[in-house]
Amino acid sequence: MKAYKQKNIKEHNQDLLIELLKQNVSPMTKRQLSEQSHLSVVTINKLIPEIVQNNIFIELDTPFETGGRHAIAYKFNERRKLVLINQFIENEKKMVVNFYVVDLLGNIIEKESLSSITLAAFLASVSNLKAKFPEISIVLSGIPGVEVDKKLRIMDFTPFKNLNLNAEITKKIAIDSFIENDINAATFGYSSESKHILAGVYFPESFPPGAALIINQHIFRGYNNLSGEIKHLPNLKYTNFPLKTSELNSILTETLQSILAMYDPHEIILYIPENWLSHIEKELIIKHLSEVFSYNVFPKITISQDFSQNYLNGLIKLGLEKITQKE
């Protein structure tokens, strides 16, 4: 077994205490931390001061009462750093941006929306939120498109197409900014450890579809971030959007057949508009696909209208990952 170096033992134990307090709603004393971490109180006493100094734990001003005795308690400082999420999303056939300020526990502490989107208005909202919440440490923008060579080469919202959005944000508020594709984020938000290979397909009402692949909780993006640009599939390349209801079943069947042939996932999560539901013949689609892939193995196909929430959940998960990577 590989032995920890002394520094790594300390960091490992500090991470253990941090995770304990992140998972506990109530503040904890050193004695409680010792009991749950199985570290000695002596070790806890050595670790706590540095964690408090780094503002990761808050030492409560009021002593915490435990069984008649008084002891200082600690809580995780979830607002030490914040993430600003900018979610570009279709709403009633037009593009809007939802802004979310999120703490280190994934809680949303502020939400704003922008429906009349210009670059100036977008950057003004970003700047105002940064001024209101100086603890914002990174910005993550979810977009219906793809960033290639630092520019939004593919973007359903044409006024932002070919824009270096990260550069504009960083120039405005001087913090790190990142971009993520919408279906990547939504599929990641839906994914769990049990879904080792998960494919996501998103058909917005007015724009071409996109797809995503999550492998063991990692987003597969391809060499140029272009993985999942299924609008280039033969059956979609010359298709006009929005789709006609008479086309839905054939388009969905052919698209899912391509996804199955390429990726062989455990599950496909298919996001479609709610008003399509009455036109979709899911059983016939699955029957056709199971006949094509007649190997006695067939993935679960889930049809969902939870795109917006999964998209947000994924952006929050990715934003918190970015914060962790920076530390």
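Contact means heavy atoms within 4.5 Å. The exercises below use this term for a predicted model.

## Exercise 1. A residue of helix α1

Determine where I18 lies, whether I18 is buried or exposed, and which residues I18 is in contact with beyond its neighbours within four places in sequence.

**Solution.**

Step 1. I18 belongs to helix α1, which covers residues 6–23.

Step 2. Buried means under 20% relative accessible area. The relative accessibility of I18 is 13%, so I18 counts as buried.

Step 3. Once the neighbours within four places in sequence are set aside, the contacts of I18 are I51, I56, F57 and F76.

Step 4. A distance to another residue can be added. From C-alpha to C-alpha, I18 and P209 are 41 Å apart in space, and in sequence they are 191 residues apart.

## Exercise 2. A second residue of helix α1

State how L16 is classed by accessibility, and which residues outside its neighbours within four places in sequence L16 is in contact with.

**Solution.**

Step 1. L16 is also placed in helix α1.

Step 2. Buried means under 20%, exposed means over 50%, and partly exposed lies in between. L16 has a relative accessibility of 32% and therefore counts as partly exposed.

Step 3. Apart from neighbours within four places in sequence, L16 is in contact with S37 and L39.

Step 4. For L16 and L39, the separation in sequence is 23 residues, and the C-alpha to C-alpha distance is 9.7 Å.

## Exercise 3. The packing of α2 and α3

Describe how helix α2 and helix α3 pack, and which residues make the contact.

**Solution.**

Step 1. Helix α2 comprises residues 30–37, and helix α3 comprises residues 41–53. Their axes are 9 Å apart and form an angle of about 115 degrees.

Step 2. Angles of 65 to 115 degrees count as roughly perpendicular. The packing angle therefore makes α2 roughly perpendicular to α3.

Step 3. The crossing of α2 past α3 is right-handed.

Step 4. On the side of α2, the contact is made by K30, R31, L33, S34 and S37; on the side of α3, by V41, I44, N45 and I48.

Step 5. Sorted by character, the residues of this contact are 4 nonpolar, 3 polar and 2 charged.

## Exercise 4. The two faces of α2 and the residue that follows

Identify which residues of α2 are buried, which exposed residues its opposite face carries, and what phi H38 takes.

**Solution.**

Step 1. The buried residues L33, S34 and S37 belong to α2.

Step 2. These residues span an arc of only 100 degrees around the axis, and therefore lie on the same side of α2.

Step 3. On the face turned away from this buried side are the exposed residues R31 and E35.

Step 4. H38 comes just after α2 and takes a positive phi of about 65 degrees. H38 is located in the loop between α2 and α3.

Step 5. Exposed means over 50% relative accessible area. With 71% relative accessibility, H38 therefore counts as exposed.

## Exercise 5. Backbone features in two other loops

State near what value the phi of D149 lies, and where P242 is placed.

**Solution.**

Step 1. D149 is a residue other than glycine with a positive phi, near 55 degrees.

Step 2. The loop that holds D149 runs between β10 (145–148) and β11 (151–155). Because its relative accessibility is 67%, D149 counts as exposed.

Step 3. P242 is placed in the loop between β15 (218–219) and α7 (248–263). The peptide bond leading from F241 to P242 is cis, and its omega is near 0 degrees.

## Exercise 6. The packing of α7 and α8

Determine at what angle α7 and α8 pack, and which residues meet.

**Solution.**

Step 1. The angle between α7 and helix α8 (residues 282–292) is about 35 degrees, and the axes are 10 Å apart.

Step 2. α7 passes α8 in a crossing that is right-handed.

Step 3. From α7, the residues N249, L252, T253, L256, Q257 and L260 meet I285, H288, L289 and V292 from α8.

Step 4. This contact of α7 with α8 has 6 nonpolar and 4 polar residues, and no charged ones.

## Exercise 7. A residue of strand β9

Determine whether S137 is buried or exposed, and which residues S137 is in contact with outside its neighbours within four places in sequence.

**Solution.**

Step 1. S137 is part of strand β9, residues 136–143.

Step 2. The relative accessible area of S137 is 17%, so S137 is buried.

Step 3. With neighbours within four places in sequence left aside, S137 is in contact with K81, L82, I175, D176, I323 and K326.

Notes
Residues are numbered from 1 along each chain as its sequence is written. This is a predicted model: local features need pLDDT of at least 70, side-chain atom pairs count only at pLDDT 80 or more; totals for chains, interfaces and linings use all residues. Side-chain values use heavy atoms; hydrogens and water are left out. Axes are lines fitted to C-alpha atoms, for helices over the stretch in contact, and angles run from 0 to 180 degrees between N-to-C directions. Angles under 35 degrees count as roughly parallel, over 145 as roughly antiparallel, 65 to 115 as roughly perpendicular and the rest as oblique. A crossing is left-handed if the near helix is turned anticlockwise from the far one by less than a right angle, and right-handed if clockwise. Ala, Val, Leu, Ile, Met, Phe, Trp, Tyr, Cys and Pro count as nonpolar, Asp, Glu, Lys and Arg as charged, and the others, Gly among them, as polar. Buried means under 20% relative accessible area, exposed over 50%, partly exposed in between (1.4 Å probe, protein chains only). The arc is that of the directions from the helix axis to the C-beta atoms.
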